[in-house]
Amino acid sequence: MTLNDDEVVQYLREHPGFFDEYGPMLADLQFPRPGGGEVIPITERQTVALRDKNRALQEKLGELIRFGEENGALVEKMHRFALALLVSHDLERLLGAFEFHLREDFAVAHAGLRLWNMTSNDIALPQFARTSNDIHGLAESLAHPYCGHHAVDEVKSWFGEDAARLRSFAMVALRTKQIVIGLLVLASEDPQRFYREMGTVYLAQLGELMSAALERFAVGEV
């Protein structure tokens, strides 16, 4: 009688004592090394397989540790950013601190910010340059940060001569409890810096911190 592969497997499962009775046979069994190559005894093959599995687990652990370290560093940067906003008592200093930490802590070389519905919108700063209703509507529509390769021409114009080199964008609406007060746009020459499928938790937190810092200058806010 000839048994197929499944029947052999089933037989061995139903007779766990098989190799107790035929133990010496294990030393004679030869199998290809995992991944191909020379033929080796089954015991050595098991050792190789366990070694490969252990290596894969170590690599996964290393990856998890690396992610944890990166997240820890990012949390520290967010903490410094929040402290800088808290100690900035006037709007011009606050905006300066914001740009500094974006550049130095978060390595964002290109950032555009436009504000409206602010009590200090007569300040001669580029952040208060006139924006169209389309930009206001865009900010209103952003329930969550947008990341991707597209930005409207008006947004691109905020970056001057650098606009032609920019390949990816992140857009975050700034809002108080009552109104939208601005739009923050981060941009990069790297098309993979801000991509559609990326996580946006830290971008959202960045926007919330900036919104909270700006809220005291918003129209109708105390």
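## Briefing: loops, rings and a buried serine

Asn-117 counts as partly exposed, because its relative accessibility is 35%, a value between the 20% and 50% cut-offs. Keep in mind that this is a predicted model. Asn-117 sits in the loop between E3 and helix H6 (133–141), and despite not being a glycine it has a positive phi of about 55°. The notes below cover another positive phi, a set of phenylalanine rings, an aspartate, a serine in a strand and a nonpolar patch.

**Backbone oddities**

- Most residues other than glycine have a negative phi.
- Ala-107 goes the other way, with a phi near 55°, and it isn't a glycine either.
- You'll find Ala-107 in the loop between H5 and E3.
- Ala-107 is exposed, because its relative accessible area is 52% and the exposed class begins over 50%.

**The phenylalanine rings**

- How many aromatic pairs does the structure hold? There are two.
- One of them is Phe-81 with Phe-98, a tilted pair with 5.7 Å from centre to centre and 50° between the planes.
- That pair ties together distant parts of the chain: Phe-81 belongs to helix H4 (residues 42–86) and Phe-98 to helix H5 (residues 91–104), with their positions 17 residues apart.
- Phe-81 is buried, with a relative accessible area of 0%.
- Phe-98 counts as buried too, because its relative accessibility is 2%, and buried means under 20%.
- Phe-81 also pairs with Phe-106: the ring centres are 6.3 Å apart and the planes meet at 85°, so this pair is edge-to-face. The cut-off for that label is over 60 degrees.
- This pair, too, links distant parts of the chain, from Phe-81 in helix H4 to Phe-106 in the loop between H5 and strand E3 (110–115), 25 residues apart.
- Phe-106 is buried, with a relative accessible area of 14%.
- Put together, Phe-81, Phe-98 and Phe-106 make one aromatic cluster.

**Asp-105 and its partners**

- Asp-105 is in the loop between H5 and E3.
- Is Asp-105 buried or exposed? Asp-105 is buried, because its relative accessible area is just 14% and the buried class covers values under 20%.
- The side chain of Asp-105 has a polar contact, at 2.8 Å, with the side chain of Arg-80.
- Leaving aside residues up to four places away in sequence, Asp-105 touches Lys-77, Arg-80 and Phe-100.

**Ser-168 in its strand**

- Ser-168 has its place in strand E5 (residues 168–175).
- With a relative accessibility of 0%, Ser-168 counts as buried.
- Which backbone nitrogen lies 3.4 Å from a polar atom of the Ser-168 side chain? That nitrogen belongs to Phe-194.
- Setting aside residues up to four places away in sequence, Ser-168 touches Gly-148 and His-149, then Leu-186, Ala-187 and Ser-188, and also Asp-190, Pro-191, Arg-193 and Phe-194.

**A nonpolar patch on the surface**

- Val-8, Tyr-11 and Leu-12 make a nonpolar surface patch of about 230 Å².
- Tyr-11, one of these residues, is placed in helix H1 (residues 5–14).
- Tyr-11 counts as partly exposed, because its relative accessibility is 37%. That value is over the 30% cut-off for patch residues.

How values were computed
Residues numbered from 1 in each chain as written. Predicted model: local features only at pLDDT ≥ 70, side-chain atom pairs only at ≥ 80, totals over all residues. Heavy atoms only, no water. Helix = DSSP H or I, 4+ residues; strand = E, 2+ residues; numbered from the N terminus. Buried < 20%, exposed > 50% of the residue type's maximum accessible area, 1.4 Å probe, protein only. Polar contact = N/O pair within 3.5 Å; in protein donor to acceptor, adjacent residues only side chain to side chain. Contact = heavy atoms within 4.5 Å. Phe/Tyr/Trp six-rings, centres within 6.5 Å; stacked < 30°, edge-to-face > 60°. Patch = residues over 30% accessible without salt bridge, like charges linked within 9 Å, V, L, I, M, F, W, Y side chains within 5 Å. Areas by Shrake-Rupley, 256 points an atom, 1.4 Å probe, with all protein chains shown as cover. Salt bridge = Lys/Arg side-chain N within 4 Å of Asp/Glu carboxyl O.
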